[in-house]
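Colleague: Could you pick one part of this model and go through it slowly? I would like to know what lies around it.

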Amino acid sequence: MTDVLDTARETTNPTGDANWWRQAAVYQIYPRSFTDSNSDGIGDLPGITQRIPYLQQLGIDAVWLSPFYPSALADGGYDVDDYRDVDPRLGTLDDFDRMVAALHAAGIRLIVDIVPNHSSNRHPWFQEALASSQGSAARARYIFRDGLGPNGAEPPADWTSTFGGPAWEPVGDGQWYLHYFAKEQPDFDWSNREVQDDFLTTLRFWSDRGVDGFRVDVAHGLAKNLPDPLPSQAELDASDKTSGTHPMWDRDEVHDIYAAWREVFNTYDPPRIAVAEAWVEPSRRARYASSGGLGQAFNFDLLEAEFDAEQFRAIITYNLAEAKASGSSTTWVFSNHDVIRHATRYGLPPRAQGEIKKGMAWLLSGGTYPLVDEEAGLRRARAASLLMLGLPGSAYLYQGEELGLPEVADMPPAKRQDPTYFRNPGVDIGRDGCRVPIPWTRGRPSFGFSDHEAHLPQPSRFADYSVEAEERDPRSTLSLYRRALAARHELQSEEELVWVEQVNDAVLHFVRPGEWHVVANFGTIGVPLPDGEVLLASGPVELGVLPGETTVWLRTQA
Ligand code: GLC
Ligand code: CA
């Protein structure tokens with residue numbers, strides 16, 4: 001690694017603060033659905049650059065950009081053909097550089113998504129593997145196994161992919177390859193030196209172009225130890241996922257990979273940051289978040305919880321303690337490109353609110369509008385978001401949540417794109433409903449997203465959720481987020497909170513340093529509002545009363 005150490009890196013970062021990420025508000029952009037600058041119906045990088053004033057006014061600290069690499073879009077861009085280029089439909093490397101420079105000039109940092117568990121089947125390495133013989137070096141970069149039975153006609157194991165359907169795909173010569181996700185996403189073999197080195201090259205490539213950090217896709221899946229013969233799916237399901245010895249998930253040696261990545265990150269000033277997408281036992285998250293590893297890990301606990309005071313409090317307490325022990329800061333997230341938007345989720349029956357899969361199935365089984373209580377959903381989402389923005393740690397927001405945008409459940413099947421919908425017929429509604437292009441104006445064809453129709457259909461009610469409609473309304477969700485993010489900047493200090501005990505179980509009240517109080521009423525009946533100056537409220541607050549499903553920020557005199 002000396003080659004990177006001896007070149008002094010130039011940094012274009014807004015400031016050199018190495019801890020900028022600890023309590024940052026990070027805004028996720030799903031680029032194909034953000035803004036289309038050239039009227040082809042697909043959002044692109046110049047579109048993001050155009051919207052920087054909006055991001056600045058929103059008050060976020062960083063952007064997390066979902067994959068923008070060349071891709072056939074078998075999985076929304078998480079099937080990468082080339083890790084060191086921009087999809088021509090989204091722009092060029094020059095457009096990327098211009099976007100980074102403009103973001104930095106606006107004081108906004110950039111985190112890019114990196115997808116190391118699998119490439120796409122169009123990646124030159126996978127194409128080479130297909131053209132090469134069994135046992136070749138080209139096949140060793142992926143996970144190939146001989147099929148069972150005569151001529152290897154049967155899969156090497158009965159495994160199911162995460163997206164549904166079989167996880168092994170035949171290549172026609174008796175061998176099969178492993179794909180945890182879609183069949184267009186062959187899994188890499190991370191014990192392969194070339195794979196390891198190539199990702200270090202990729203991390204340097206983007207870091208040299210000025211990116212401030214990486215969101216690491218499926219971070220818990222890279223290290224695998226597949227015994228011969230392979231276990232059955234039932235045996236895999238029964239294997240312990242908490243000891244670091246499961247054949248595929250969350251193995252201890254995955255951290256050797258991240259230790260090597262950390263060496264690269266630390267050659268930059270400030271060090272590049274990383275956040276792990278690791279769906280692991282909460283107690284094992286700290287390994288990913290350690291300063292010798294990726295440094296931070298997503299905590300999806302609130303996303304998987306119901307709108308419930310007791311669940312929220314337990315999750316907050318646990319995660320703050322965990323983060324403290326690991327030396328990292330915690331992360332909060334309610335929505336992203338994989339789950340039902342929280343404004344809709346909180347309008348579902350309680351049990352479906354916290355179980356994303358169940359929620360998806362429920363939406364599909366006729367639980368469409370108006371069966372979802374949209375009004376309650378949005379009221380609860382606003383209360384939950386205002387509480388979350390008051391917490392210590394970093395807040396990850398997903399494009400459109402600042403508009404209170406609902407999930408689009410009622411979409412013609414022919415318009416859907418997500419493989420999880422097609423691979424689970426009648427069971428999973430898929431993730432397209434949270435990936436619909438966001439509305440900027442009230443007007444058609446696509447509410448200011450493009451001059452063209454959007455690539456996923458937008459319902460007409462999106463007009464009322466548009467930036468144009470909301471920015472004039474002081475009670476809108478956009479106004480709430482803008483004010484909350486601005487106030488958070490002023491108020492955020494040490495990563496601490498103290499609970500104020502309540503007689504009413506439906507109320508959570510904590511204080512942050514500086515006499516900053518956050519009080520959330522999860523119940524439906526109003527409760528007495530504690531003393532203090534009301535800085536912000538997620539809904540109308542009457543004199544002396546905190547209404548149900550409402551959060552307030554208060555300040556008292558020290
Ligand atoms: C992650 C991404 C998801 C993608 C999957 C496979 O979970 O967030 O969108 O489908 O990885 O790359
Ligand atoms: Ca475009």
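Modeller: What follows is a close look at the surroundings of ligand 1.

The model is predicted, so local features need pLDDT of at least 70 and side-chain atom pairs count only at pLDDT 80 or more, while totals for chains, interfaces and linings use all residues. Residues are numbered from 1 along each chain as its sequence is written, chains are lettered from A and ligands numbered from 1 in the order in which they are written, and side-chain values use heavy atoms, leaving out hydrogens and water.

Around ligand 1 there are 14 residues, each with a heavy atom within 4 Å of the ligand. Asp75, Asp217, Glu277, His337 and Asp338 come nearest. Sorted by class, this shell has seven charged residues, four nonpolar and three polar. Charged here covers Asp, Glu, Lys and Arg; nonpolar covers Ala, Val, Leu, Ile, Met, Phe, Trp, Tyr, Cys and Pro; the others, Gly among them, are polar.

Several side chains make polar contacts with ligand 1, meaning pairs of N or O atoms within 3.5 Å. Glu277, already named among the nearest residues, has a side-chain N or O atom 2.7 Å from an oxygen atom of ligand 1. For His118, a polar side-chain atom is 2.9 Å from a ligand oxygen. In the case of Arg215, the distance from a side-chain N or O atom to an oxygen of ligand 1 is 3.0 Å. Taken alone, ligand 1 exposes 310 Å², and the protein buries 95% of that, with areas from the Shrake-Rupley method and a 1.4 Å probe.

Note on methods
Polar contact = N/O pair within 3.5 Å; in protein donor to acceptor, adjacent residues only side chain to side chain.
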